[in-house]
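Here are some notes to read with the model open beside you. Take the points one at a time and find each residue on screen as you go.

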Amino acid sequence: MTNYNTTMTLRARIDKALEYLLVLLMGSLVLDVVWQVASRYILKNPSSFTDELATFLLIWVGLAGAAYVKGKNQHLAIDILHSKLNPLQLNHMMIFINFLVILFSLTIMVVGGSWLVYTRFVLGQISASLQIPVGYVYAIVPLSGLLMVYYSTDDIIQLAKNYKTLKRA
């Protein structure tokens, strides 16, 4: 019997870690919003931090979720051309699309996001209610970008392997 953990690919391990992170974030978000509503309408004493925490959790859920669905290739896409292309052309198009995703993720999310995080820490910006450095909130931007770069690179490698078999056909 093989050990499940040693047979998992790096991509599968990242997927599993993202799944756990997203479940934790969504669960925390639900609890936060429930507490916000309960404290406001039942206790008549609204909690001061819940609105800001919900905003920060939503940022993390949105960006971590975007990386996760990129890894699963379940992101929203316009697929009008897919049915009109032969398999070799479709393979070329998917490689091109993944290069565009890498370009965007590296320039905007990794470089721009890293600059955003760095400047928030250097400026010492603190959130109003939670009193935490805002750089931690924005840290998900370059992290999500790196994950998307990894997934797109892995997809290109798989598509290149597929290209060789399509070329022979």
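1. Let's start with Pro87, which you'll find in helix H4. This is a predicted model, so keep that in mind throughout. Is Pro87 buried or exposed? Its relative accessibility is 52%, and since the cut-off for exposed is over 50%, Pro87 counts as exposed. For a sense of distance, try Leu22: Pro87 and Leu22 are 65 residues apart in sequence, and their C-alpha atoms are 34 Å apart in space.

2. Stay on helix H4, which covers 87-123, and move along to Ser105, which also has its place in H4. Here the relative accessibility is 1%, so Ser105 counts as buried. What does Ser105 touch, once you leave aside its neighbours within four places in sequence? The contacts are Val110, Gly145, Met148 and Val149. Try showing those side chains together with Ser105.

3. Next, hop over to Tyr163 in helix H6. With a relative accessible area of 26%, Tyr163 is partly exposed, because that label covers values between 20% and 50%. Skipping sequence neighbours within four places, Tyr163 is in contact with Leu88, Asn91 and His92. Tyr163 also makes a nice sequence-versus-space example with Ile95: the two are 68 residues apart along the chain, while their C-alpha atoms are 9.8 Å apart.

4. Now for a pair of helices. Two packed helices are described by the angle between their axes and the distance between the axes. How do H3 and H6 pack? The angle is about 5°, and the axes are 8 Å apart. Angles under 35 degrees count as roughly parallel, so H3 is roughly parallel to H6. On the H3 side, the contact is made by Ile59, Trp60, Leu63, Ala64, Ala66, Ala67, Lys70 and Gly71. On the H6 side, look for Ile140, Val141, Ser144, Leu147, Met148, Tyr151, Ser152 and Asp155. Sorted by class, this contact has 11 nonpolar, three polar and two charged residues. You've already met Met148, by the way: it is among the contacts of Ser105.

5. Time for the largest pocket. About 410 Å³ of space lies in it, and 18 residues line it. Which of them lie nearest its centre? They are Lys70, His75, Leu76, Ile97 and Val101. Lys70 should look familiar, as it is one of the H3 residues in the contact with H6.

6. Which helices build the lining of that pocket? H3 (50-71), H4 (87-123) and H6 (140-168) each supply at least two residues. H4 gives the largest share, with seven residues. By class, the lining has 11 nonpolar, five polar and two charged residues.

7. Go to the start of H3 and look at Thr50, which has its place in that helix. Its relative accessibility is 0%, so Thr50 counts as buried. Not counting residues up to four places away in sequence, Thr50 touches Asp32, Trp35 and Gln36.

8. Loops deserve a look too. Ser127 sits in the loop between H4 and helix H5, which spans 134-138. Is Ser127 buried or exposed? Its relative accessible area is 3%, under the 20% cut-off, so Ser127 is buried. Apart from residues up to four places away in sequence, Ser127 touches Glu52, Phe56, Ile132 and Val134. Ser127 and Leu21 are 106 residues apart in sequence, with 22 Å between their C-alpha atoms.

9. Finally, two backbone angles to check. Most residues other than glycine have a negative phi, and most peptide bonds are trans. Lys44, though, has a phi near 55°, a positive value in a residue other than glycine. Lys44 lies in the loop between helix H2 (10-42) and H3, and at 66% relative accessibility it counts as exposed. Asn73 is not a glycine either, and its phi is positive at about 55°. Asn73 is found in the loop between H3 and H4. At 44% relative accessibility, Asn73 counts as partly exposed.

Key
Residues are numbered from 1 along each chain as its sequence is written. This is a predicted model: local features need pLDDT of at least 70, side-chain atom pairs count only at pLDDT 80 or more; totals for chains, interfaces and linings use all residues. Side-chain values use heavy atoms; hydrogens and water are left out. On a 1 Å grid over the protein atoms alone, a cavity is a set of points where a 1.4 Å probe fits but cannot get out, and a pocket is an open set with protein on both sides within 12 Å along at least five of seven lines; lining residues have an atom within 4 Å of a point. Grid points are joined across faces, edges and corners, and a volume is the space filled by probe spheres set on the points. Helices (H or I, at least four residues) and strands (E, at least two) are DSSP runs, numbered from the N terminus. Ala, Val, Leu, Ile, Met, Phe, Trp, Tyr, Cys and Pro count as nonpolar, Asp, Glu, Lys and Arg as charged, and the others, Gly among them, as polar. Buried means under 20% relative accessible area, exposed over 50%, partly exposed in between (1.4 Å probe, protein chains only). Contact means heavy atoms within 4.5 Å. Axes are lines fitted to C-alpha atoms, for helices over the stretch in contact, and angles run from 0 to 180 degrees between N-to-C directions. Angles under 35 degrees count as roughly parallel, over 145 as roughly antiparallel, 65 to 115 as roughly perpendicular and the rest as oblique.
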